[in-house]
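Let's look together at how a ligand is held, and at what stands behind each term used for it.

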Amino acid sequence: MCKQKPFVFGMPAANEYFIGREKEVKRLVANFTNGINTILISPRRYGKTSLVKHVAQMVNSAEVKVVYLDAFACRSEYDFYNQLSAAVLQQTSTKIDEWRQTAADFLSRLMPKISFSPDPSQEISLSLGITAKTHTPEAVLALPQQIAEKQNCRIVVCIDEFQQIGEFPDSLTVQKRMRSVWQHQNRVSYCMFGSKKHLMNTMFQNRSYPFFKFGDMLFLESIPAETWVPFLCQQFAKVGKTLPEAIARKICETVGCNSQYVQQLAYLTLLNTDKEATEADFEASVNDLLVENEMLFISQTEKLTTFQLNFLRAIKSGIRKDFGFADVRDEYGLGSASNINRLKSALVERELIDYDIEGYDFADPVMKIWFGRKFF
Ligand SMILES: Nc1ncnc2c1ncn2[C@@H]1O[C@H](COP(=O)(O)OP(=O)(O)O)[C@@H](O)[C@H]1O
Ligand SMILES: [Mg+2]
C-alpha cells in the first residue's frame, strides 16, 4: 500500500498529481521566459492556480524570478500594494536581511512588521504598512522593476484572483495607474488570472477598459477525459484497488470534467470501493458528493426569485439559448421578454450560470445534478 494520498483537491495539484495541460504549460513557459504579459481565465476549480504554480516552479531561476500573490483578500488599492510589495520583496530574495535592505533602498519610510505565521507552509508573513500617506501608487508599482534592475534579472509577477481588482473602489482609476506603470517596465511581466469570467472578460476584452489587449489571453478548458481516465485508474491501482475504465469515464462525464470534482468524486468512489469499483459504488459516491455540497447549494439558491428558479429549470431541461421565445417563456414561466436579460445577468452575477458559444448552462455541474433532483 502506498502511504501517499491518491487524490488531491482543495489545494493546487502539484508534482505527480499535476496531469495534462501540456499545451498550456508550453505557452506559459514561453510567455514567462520571454516577458510576455498573460491573462488566464477559466471557471473556478479548473486548475488556474495549479497551472501557474507548476509553471512558476519550472521557470523560476536566477535570471527569471517568478513571484506569486493572491489578490483574493484585497479590498482596496493599498491592500493590493501591500500584498504586491511583500510578495515581490520576499520572493526575490533568499534571506530576510536581503529583502530588508531592498525595502530600505526602494521603499523608504517603511515600518515593516514581521510575524511568524502559525501556518508552517508560509514561514513568515510580512506587513509593510504602506498607505497613501507613506507612498504614492507609482512609487510602489515601480518596485518590481527596480528590484529586477538591481538583481540583473527579469521578474514575472503572477496575480491570482485578479478580478478582485475590478471590485476596488474607483477601480478604473486604479487599473489605469497600474497599466500606465506596468507597460513601461521592460524587466517585469505580469500574469493575471481569475475565475469570475464576466468580470475578467470586461477588464480585458472591453475597449474602454485600461487592460484592454494587455497581453496574451488564454481561456483554460477542462482537462479531457482521455487524460483523466488513465490517471484515475493508476491512482486506484496504487492503493491496490481497481477502477474499471468505464467507471472512470463516468466520473469525468458526471462532473463535466471539472478538475476539482473529478478528483473529489474519484476519491469518494475509492472510499466506497471494496476491491473493484462497481456501478453501485459509483452511484453511492455521486450521492455522497451531493450530500457534501448540499448546504452550499441551498445557500446559493434559497434567495432566488421564482423567475430565477424557473430560468434554472429551463436550463436543466436543456434550453440553452431560446429563452426569449414566447412558447419557452410560457412553458417555464419566465415572464415578459424584457425580463430575460435581467434574469441572465442576475444569475451570471451570482455565478450560478455561465455562457459560451453553445449558450447558457449551470456554472457548477454538481449543482446542476442536485438542482435536477431537488426541483423536478
Ligand atoms: N493539472 C491538474 N491535474 C490534476 N488535478 C488538477 C489539475 N488542475 C487542477 N486540478 C484539481 O482541481 C482542483 C482545483 O484546482 P485549482 O488550480 O485550485 O483551480 P482554480 O485556480 O482554477 O480554481 C485542485 O485541487 C485539483 O484537485
Ligand atoms: Mg485558483
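**Ligand 1 and its surroundings**

The C-alpha centres of domain 1 and domain 2 lie 36 Å apart, with domain bounds coming from an automatic or database domain assignment. This is a predicted model, in which local features need pLDDT of at least 70, side-chain atom pairs count only at pLDDT 80 or more, and totals for chains, interfaces and linings use all residues. Residues are numbered from 1 along each chain as its sequence is written, chains are lettered from A and ligands numbered from 1 in the order in which they are written, and side-chain values use heavy atoms, leaving out hydrogens and water.

Q: Why is ligand 1 said to lie between domain 1 and domain 2?
A: Domain 1 (21-219) and domain 2 (225-299) both give residues to the shell around ligand 1, so the ligand lies between them.

Q: What makes the pair formed by methionine 11 and ligand 1 a polar contact?
A: A polar contact is a pair of N or O atoms within 3.5 Å (within protein, one must be able to donate a hydrogen and the other to accept it, and residues adjacent in sequence count only if both atoms are side-chain atoms). A backbone N or O atom of methionine 11 lies 2.5 Å from an oxygen atom of ligand 1, so the pair meets that definition. For arginine 45, a backbone N or O atom is 2.7 Å from a ligand 1 oxygen.

Q: How much of ligand 1 does the protein bury?
A: Taken alone, ligand 1 exposes 560 Å², and the protein buries 96% of that (accessible areas by the Shrake-Rupley method with a 1.4 Å probe; for residues, only the protein chains shown count as cover).
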